[in-house]
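Here is a short set of exercises to work through with the structure open in your viewer. Try each task on your own before you read its solution.

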Amino acid sequence: MNKLLGLGALLTGAAAAYLIIAPSPIDPVAWEAPPIPLMSGALEPNDTLMKAELIGKGAIHGPEDTAVDAEGRLYASLHNGQVVRFGSDGQPAVFADTQGRPLGMDFDRQGNLIVADAYKGLLSINPQGQIRVLSTTAGGVPFAFTDDLDIASDGRIYFSDASDKFQQPDYLLDLLEARPHGRLLRYDPATDSTEVLLKDLYFANGVALSANEDFVLVNETYRYRISRYWLKGEKTGQHDIFIDNLVGLPDNLQGDRAGTFWVALPTPRLADTDLLHRQPWAKNLLAKLPRALWPKPQNYGLVLALNENGEIIHSLHDTSGTHLRMITSAKPVGNYLYLGSLNNDRIGKLQIK
C-alpha cells in the first residue's frame with residue numbers, strides 16, 4: 001500500500017511539474033466579459049426547434065452548413081471533407097471532396113457552390129463537382145481558418161478567416177488566448193484578388209450582407225458580438241458594433257435579404273468560461289491539459305433572429321438539446337430554415353413562414 005501511495009505522489013508531482021514547466025500553446029490575456037443577459041422577452045426559452053424535421057439523421061457527421069441549389073436540392077458540408085447532396089429519397093451522396101474541412105457555403109449566380117474550407121481556403125465547386133481554389137491569402141498573410149461567406153449581387157464574395165494563428169482543431173485555443181487573430185475579407189472574381197476589410201477580430205465567424213447590401217456583418221464569436229462594416233453611404237469603410245453581449249457564442253450568420261438575419265449559437269454562454277478569462281495563468285494551465293478535462297459546451301439548441309437595427313426579434317430553442325444541439329448555421333430558404341451543426345449527426349428543417 002505504501003508503495004502505491006508513493007507512486008501516486010510521484011505521478012502527481014510529475015504532473016504538477018509538467019504543468020508548471022512545459023510551454024503553453026497560447027499566450028493569453030485577461031478579459032472582463034460583460035454580465036450574461038437574462039433569457040427573457042424575445043429570448044424567452046421555448047421548444048420551437050423540437051418541431052423541426054430531421055434530415056440525414058445518423059447518416060452524416062458534422063453538417064456545419066447547408067445550401068440549396070436552383071433545383072431545390074439540399075447540400076451539406078461534413079466533418080470528413082465531403083460536400084454531400086441529398087437525393088429525392090432523403091439519402092446523402094458525395095458531391096465533392098475538398099480533402100479539408102468545408103464550413104460555410106452558398107451558391108453563386110452561375111450555379112457554382114462557393115465554399116469556405118478551414119484548410120483549403122476559398123473554393124468554387126462547379127455543378128459537376130470539380131473544385132477550383134479561388135483564394136488562400138490576403139495582405140501577404142495566408143488563411144489559417146477560412147470560415148463563412150456571403151455573395152453580393154455583383155459576384156464579390158465576403159468571407160472570414162476566423163484565425164490566422166490557430167487552425168480548426170484548435171479553435172478553443174483561440175478562445176482561451178483572447179487575442180484578435182480574425183479577419184473579414186472580400187474576393188473579387190473579376191480581378192481574382194482578395195482584400196482585407198477588417199482585421200484584429202476576435203474569431204471572425206459568420207458573414208452576412210444586408211438587404212440593400214449597404215453593410216456586411218461578421219460575427220466575433222469570442223466577444224459574444226456582431227460587428228458591422230459599411231459598404232455604402234457616408235460611413236463607407238467604417239465599422240461599428242451591430243449587437244453586443246449576446247446570450248451565446250455566435251457562429252454562422254445568414255440574412256434573408258428581406259431585413260432579417262439568422263444567427264446560430266452552438267452554446268449559451270458559460271459563467272465558468274467568463275470567470276476563467278480574468279485569469280491568464282489559469283488559461284495557460286488549462287491549455288496544457290487534455291481536452292477531456294476542459295469545460296464542455298451546454299447541450300442546447302439556440303437560434304436568434306435579428307432585424308437590421310440589431311434588435312433581437314425572435315429566438316428558437318431546444319432546451320433539452322436532444323433534437324437539435326450545437327447549431328452552427330441557420331439558413332433561410334423559402335419557407336424553411338435549415339439548421340446545421342459542427343458535430344451533430346443531422347440537419348434540421350423548420351418551417352418559419
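**Exercise 1. Find the salt bridge that Glu71 forms, and classify both partners by accessibility.**

Solution. Please keep in mind that this is a predicted model.
- Step 1: the partner of Glu71 is Arg73, and the closest N and O atoms of the two are 3.4 Å apart. A salt bridge needs such a pair within 4 Å, so this contact counts.
- Step 2: Glu71 has a relative accessible area of 62%. The cut-off for exposed is over 50%, so the label follows: Glu71 is exposed.
- Step 3: Arg73 comes out at 28% relative accessibility and is therefore partly exposed.

**Exercise 2. Do the same for the salt bridge between Asp154 and Arg156.**

Solution.
- Step 1: the N to O distance between these side chains is 3.0 Å.
- Step 2: the relative accessible area of Asp154 is 48%, which makes this residue partly exposed.
- Step 3: Arg156, at 24% relative accessibility, is also counted as partly exposed.

**Exercise 3. Locate Arg228 and Asp240, and say why their salt bridge ties together separate parts of the chain.**

Solution.
- Step 1: the two side chains meet with an N to O distance of 2.9 Å.
- Step 2: Arg228 belongs to strand β18 (residues 225-230), whereas Asp240 belongs to strand β19 (residues 239-243); the pair therefore ties together parts that lie 12 residues apart in sequence.
- Step 3: Arg228 has a relative accessibility of 13%, so this residue counts as buried.
- Step 4: for the wider picture, look at Asp65, Asp106 and Lys331, which are joined into one network by salt bridges that share partners. The structure holds 17 salt bridges.

**Exercise 4. Work out the strand order of the open sheet that contains β18 and β19, and name its edge strands.**

Solution.
- Step 1: the sheet has four strands in the order β16-β17-β18-β19, and the pairing is antiparallel.
- Step 2: β16 (204-209) and β19 each pair on one side only, and these are the edge strands.
- Step 3: from one strand to the next, the twist averages 30°.
- Step 4: now go to the pairing of β17 (residues 215-220) with β18, where six bridges join the two antiparallel strands. Phe215 faces Trp230 of β18 here.

**Exercise 5. Repeat the analysis for the open sheet that contains β3 and β4.**

Solution.
- Step 1: the order of its four strands is β2-β3-β4-β5, again with antiparallel pairing.
- Step 2: the edges are β2 (66-68) and β5 (92-97), each of which pairs on one side only.
- Step 3: neighbouring strands are turned by 25° against each other on average, with direction ignored.
- Step 4: between β3 (residues 74-77) and β4 (residues 82-86) there are three bridges in the antiparallel sense. Tyr75 has Arg85 in β4 as its bridge partner.

**Exercise 6. Describe the largest pocket: its volume, its central residues and the make-up of its lining.**

Solution.
- Step 1: the volume is about 640 Å³.
- Step 2: the lining has 32 residues, and those closest to the centre are Tyr171, Leu172, Leu175, Tyr222 and Met326.
- Step 3: two elements, α2 (171-177) and α3 (271-276), give two or more residues each to this lining. The largest share is the four residues from α2.
- Step 4: by class, the lining has 19 nonpolar, seven polar and six charged residues.

**Exercise 7. Describe the second largest pocket in the same terms.**

Solution.
- Step 1: this pocket has a volume of about 540 Å³.
- Step 2: it is lined by 21 residues, with Asp106, Phe107, Asp150, Ile151 and Arg257 nearest its centre. You met Asp106 before, in the network with Asp65 and Lys331.
- Step 3: β6 (102-107), β12 (146-151), β20 (253-255) and β24 (327-333) are the elements that give two or more residues to the lining. β24 supplies the largest share, three residues.
- Step 4: the lining divides into six nonpolar, six polar and nine charged residues.

**Exercise 8. Is Ser135 buried or exposed, and how far is its C-alpha atom from that of Pro266?**

Solution.
- Step 1: Ser135 sits in strand β9 (residues 131-135).
- Step 2: its relative accessible area is 5%, so Ser135 is buried.
- Step 3: the C-alpha atoms of Ser135 and Pro266 are separated by 28 Å, and the two residues are 131 residues apart along the chain.

Conventions
Residues are numbered from 1 along each chain as its sequence is written. This is a predicted model: local features need pLDDT of at least 70, side-chain atom pairs count only at pLDDT 80 or more; totals for chains, interfaces and linings use all residues. Side-chain values use heavy atoms; hydrogens and water are left out. On a 1 Å grid over the protein atoms alone, a cavity is a set of points where a 1.4 Å probe fits but cannot get out, and a pocket is an open set with protein on both sides within 12 Å along at least five of seven lines; lining residues have an atom within 4 Å of a point. Grid points are joined across faces, edges and corners, and a volume is the space filled by probe spheres set on the points. Ala, Val, Leu, Ile, Met, Phe, Trp, Tyr, Cys and Pro count as nonpolar, Asp, Glu, Lys and Arg as charged, and the others, Gly among them, as polar. Buried means under 20% relative accessible area, exposed over 50%, partly exposed in between (1.4 Å probe, protein chains only). Two strands pair if DSSP finds at least two bridges between them. Axes are lines fitted to C-alpha atoms, for helices over the stretch in contact, and angles run from 0 to 180 degrees between N-to-C directions.
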